[in-house]
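Subject: Structure handover

Hi there,

Here is the structure I promised to pass on. Please open it alongside the notes underneath.

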Amino acid sequence: WLIDPSIIRKAQVQRWLATWSLPPAIESGSVAEAGMLMAKHDPLHVDAVLCGRDLPDGDGIHLLPRIRSALDPAVRLGLLAPKSALPTPAECRASTMDAWISKPLLPTALLQFLLADTSLRNSTGRSAGTRTGSTFSR
């Protein structure tokens, strides 16, 4: 699930997913659209969520705990943020995210996020805590 206002980035992600033979992403462009999607599809079945920090109607980091509570705990939650607005360690913990990716979004960073080793997760579905490249995992 990609929550991002950029039409260009959404198209780019869909092309990468198709190249990797992965299913297409569900798309939302704002906090409001994401909320409507969660209400319409209860429960929402996704493998990973990548949420932009700079949404037109709010900071995507504040949407992540709501998404976490609505989805299976094993679903990876990531934040896409500009380098000038990367989350602090406290924000990472409070938002329940598994990883952050700095902009510009590169295909290698997205693939690393999507295919992260889920065997590192403990019984609650949370990851053990590594930092690799532009991705931070709790």
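Below is what I found in it.

This is a predicted model, so to speak with its own filters: local features need pLDDT of at least 70 and side-chain atom pairs count only at pLDDT 80 or more, while totals for chains, interfaces and linings use all residues. Numbering starts from 1 along each chain as its sequence is written, and side-chain values use heavy atoms, with hydrogens and water left out.

Confidence comes as pLDDT (the predictor's confidence in each residue, from 0 to 100). The chain has a mean pLDDT of 83, with 84% of its residues at 70 or more. Over residues 118-138 pLDDT stays under 50. Where pLDDT is low, the predicted coordinates should not be read in detail.

Now the packing. The largest nonpolar core (buried Ala, Val, Leu, Ile, Met, Phe, Trp, Tyr and Cys residues joined through side-chain atoms within 4.5 Å) has 22 residues, and Trp 1, Ile 3, Val 49 and Ile 67 have the most contacts inside it. Buried here means under 20% relative accessible area and exposed over 50%, with a 1.4 Å probe and protein chains only. A second, separate core has 14 residues, including Leu 2, Trp 16, Leu 50 and Leu 80.

In helix α2 (helices are DSSP runs of H or I, at least four residues, numbered from the N terminus), the buried residues are Ala 34, Gly 35, Leu 37 and Met 38. They fall within an arc of 160° (directions from the helix axis to the C-beta atoms), so they line one face of α2. Met 36, Ala 39 and Lys 40 are exposed on the other side.

Best wishes

How values were computed. Contact means heavy atoms within 4.5 Å. Helices (H or I, at least four residues) and strands (E, at least two) are DSSP runs, numbered from the N terminus.
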